[in-house]
Amino acid sequence: MSNQRILALTLCLFALPALAAEAPMLKNDPKRPVADISRELGVTPDQFVTCFNDVHPVPQGQTPTKARERMNKSVLLPCLQQANPEITNDRLDQVMDKYRPKN
């Protein structure tokens, strides 16, 4: 095996754990910082992603209507509270507003 192949293989092996350690990404809102939100809510990134899967965010750059916020929260809050009963409606609003994608 050539030195270049050995080097390439070594680099790949060192990169795999780093890639695997990344927080999951939301399929319906890929720019939302899952690791930051989940940490502030006291849930795992996987728990947050699972709960957020049935949420329907507005397109980036738009502000959700109150009706859309209520609908999404009726899905998100009870699911997150199963993972962490300490999460309140106000806390969820505070964290989600803090990390709402700007554009």
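Select Gln47, Phe48, Cys51 and Phe52 in helix 3 of this predicted model. Now add Val75, Leu76, Cys79, Leu80 and Ala83 in helix 4. These two groups meet. Colour them by type: eight residues of this contact are nonpolar, one is polar and none is charged.

**The two helices as rods**

Show helix 3 and helix 4 as cartoons. Two packed helices are described by the angle between their axes and the distance between the axes. Here the angle is about 150°, and the axes lie 9 Å apart. An angle over 145 degrees counts as roughly antiparallel, so helix 3 is roughly antiparallel to helix 4. The crossing of helix 3 and helix 4 is right-handed.

**Cysteine 51**

Stay in helix 3 and pick cysteine 51. Is cysteine 51 buried or exposed? Its relative accessibility is 4%, so cysteine 51 counts as buried. Which residues does cysteine 51 contact, leaving aside neighbours within four places in sequence? They are Val75, Leu76, Cys79 and Leu80. Next, draw a line from the C-alpha of cysteine 51 to the C-alpha of glutamine 81. The two residues are 30 residues apart in sequence, and the line spans 9.9 Å.

**The core**

Select Leu41, Phe48, Leu76, Leu80 and Leu92. They have the most contacts inside the largest nonpolar core, which has 17 residues. Helix 2 (34-41), helix 3 (45-52), helix 4 (66-83) and helix 5 (89-98) each give two or more residues to this core. Which helix gives the largest share? Helix 3 does, with four residues. In soluble globular proteins, nonpolar side chains tend to be buried together.

**Leucine 92**

Zoom in on leucine 92, one of the core residues just selected. Leave out residues up to four places away in sequence. Leucine 92 then touches Leu41, Lys73, Leu76, Leu77, Leu80 and Ile87.

**Helix 2 against helix 5**

For the last stop, show helix 2 and helix 5. They pack at an angle of about 160°, with their axes 10 Å apart. That angle makes helix 2 roughly antiparallel to helix 5. Their crossing is right-handed. Select Ile37, Glu40 and Leu41 in helix 2. Then add Arg91, Leu92, Val95, Met96 and Lys98 in helix 5, which they meet. Colour by type again: this contact has five nonpolar residues, no polar ones and three charged ones.

Notes:
Residues numbered from 1 in each chain as written. Predicted model: local features only at pLDDT ≥ 70, side-chain atom pairs only at ≥ 80, totals over all residues. Heavy atoms only, no water. Core = buried A, V, L, I, M, F, W, Y, C linked by side-chain atoms within 4.5 Å. Buried < 20%, exposed > 50% of the residue type's maximum accessible area, 1.4 Å probe, protein only. Contact = heavy atoms within 4.5 Å. Axes fitted to C-alpha atoms, helices over the stretch in contact; angles between N-to-C directions. Parallel < 35°, antiparallel > 145°, perpendicular 65-115°, else oblique. Left-handed = near helix turned anticlockwise from the far one by under 90°. Nonpolar A, V, L, I, M, F, W, Y, C, P; charged D, E, K, R; others polar.
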